[in-house]
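Q: Please take a close look at a single part of this structure and describe it in one connected account. I should like to know how the part is built, what surrounds it and which of its residues are buried or exposed.

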Amino acid sequence: MAAVNEQDALLAKRRRIQQLSKLGKRVGYSLFAIAIIGFFVALFTNFSSAWVNIIMTCIIVGSVFLAPAIVAGYAVRAADREDRELGR
């Protein structure tokens, strides 16, 4: 019985990590999209330092969210795949 509860807790933890990973990817990719849009707006206007700050901030913060989210997403998928292969 303890092994089943332990397995359920592990699966619940994986699902939480997967959900946080999806949220991190959504935030990171959205910030990258804002940076791209900001770049083209700045390109066709006056390309002031304010635009450069906005673009760089979006890229840096987007990377902070996106990198761990991608790694966590791959980790959850690999763990799920290993469980399927081992018949768990």
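A: The account below follows one helix from end to end, together with the residues that meet it.

The model is a predicted one, and the part chosen is helix H2, which spans residues 49–86. H2 contains 38 residues. From its first C-alpha to its last it reaches 55 Å, close to the 56 Å expected at 1.5 Å a residue. The helix nevertheless has a kink of about 25°, centred on Ser63. Immediately after H2 comes Gly87, whose phi is positive, at about 75°.

The buried residues of H2 are Ile55, Cys58, Gly62, Leu66, Ala69, Gly73, Val76, Asp80 and Asp83. Several of these positions recur at intervals of three or four, and a general point applies here: an α-helix has 3.6 residues a turn, so residues three or four places apart point the same way. The list includes nonpolar residues such as Ile55 and Leu66, but also the acidic residues Asp80 and Asp83.

Consider next the loop that precedes the helix. Phe47 is placed in the loop between H1 and H2, and its phi is near 50°, a positive value in a residue other than glycine. As a general rule, most residues other than glycine have a negative phi.

Phe47 also belongs to an aromatic cluster, in which ring pairs link it with Phe39 and Phe40. The structure holds two aromatic pairs. In one, Phe39 and Phe40 meet edge-to-face, with 5.3 Å from centre to centre and 80° between the planes. In the other, the ring centres of Phe39 and Phe47 are 5.9 Å apart and the planes stand at 85°, so this pair is edge-to-face as well. The rings of the cluster are not shut away: Phe39 has a relative accessible area of 35% and is partly exposed. Phe40 is partly exposed at 43%, and Phe47 is partly exposed at 35%.

Within the helix itself, Trp51 is partly exposed, with a relative accessible area of 25%. Residues up to four places away in sequence being set aside, Trp51 touches Gly38, Val41, Ala42, Thr45 and Asn46. Its C-alpha lies 9.2 Å from that of Ala35, although 16 residues separate the two in sequence.

Further along, Ile55 touches Ala35, Gly38, Phe39 and Ala42, with residues up to four places away again left out. Gly38 and Ala42 are thus touched by Ile55 and by Trp51. Ile55 is also part of the largest nonpolar core, a set of five residues made up of Leu31, Ala35, Ala42, Ile55 and Cys58. Helix H1 (2–44) and H2 each supply at least two residues of this core, and H1 gives the most, with three.

The final stretch to examine is around Asp80, which lies in H2. Its relative accessible area is 17%, and Asp80 is therefore buried. What does this acidic residue meet beyond its neighbours within four places in sequence? Asp80 is in contact with Arg14 and Arg15. With Arg15 the approach is a polar contact between the two side chains, at 2.6 Å.

Arg14, in helix H1, counts as buried because its relative accessibility is 11%. Apart from residues up to four places away in sequence, Arg14 touches Val76, Ala79, Asp80 and Asp83. Three of these partners, Val76, Asp80 and Asp83, appear among the buried residues of H2. The C-alpha distance between Asp80 and Leu11 adds a further link: it is 9.1 Å, for residues 69 places apart in sequence.

In summary, H2 carries the core residues Ile55 and Cys58, a kink centred on Ser63 and the buried Asp80, which contacts Arg14 and Arg15.

Note on methods: Residues are numbered from 1 along each chain as its sequence is written. This is a predicted model: local features need pLDDT of at least 70, side-chain atom pairs count only at pLDDT 80 or more; totals for chains, interfaces and linings use all residues. Side-chain values use heavy atoms; hydrogens and water are left out. Rings of Phe, Tyr and Trp (its six-membered ring) pair if their centres lie within 6.5 Å; planes under 30 degrees apart count as stacked, over 60 as edge-to-face and the rest as tilted. Buried means under 20% relative accessible area, exposed over 50%, partly exposed in between (1.4 Å probe, protein chains only). A nonpolar core is a set of buried Ala, Val, Leu, Ile, Met, Phe, Trp, Tyr and Cys residues joined through side-chain atoms within 4.5 Å. Helices (H or I, at least four residues) and strands (E, at least two) are DSSP runs, numbered from the N terminus. Contact means heavy atoms within 4.5 Å. The expected span of a helix is 1.5 Å times one less than its number of residues. The bend at a residue is the angle between axes fitted to the seven residues ending there and the seven starting there. A polar contact is a pair of N or O atoms within 3.5 Å; within protein, one must be able to donate a hydrogen and the other to accept it, and residues adjacent in sequence count only if both atoms are side-chain atoms.
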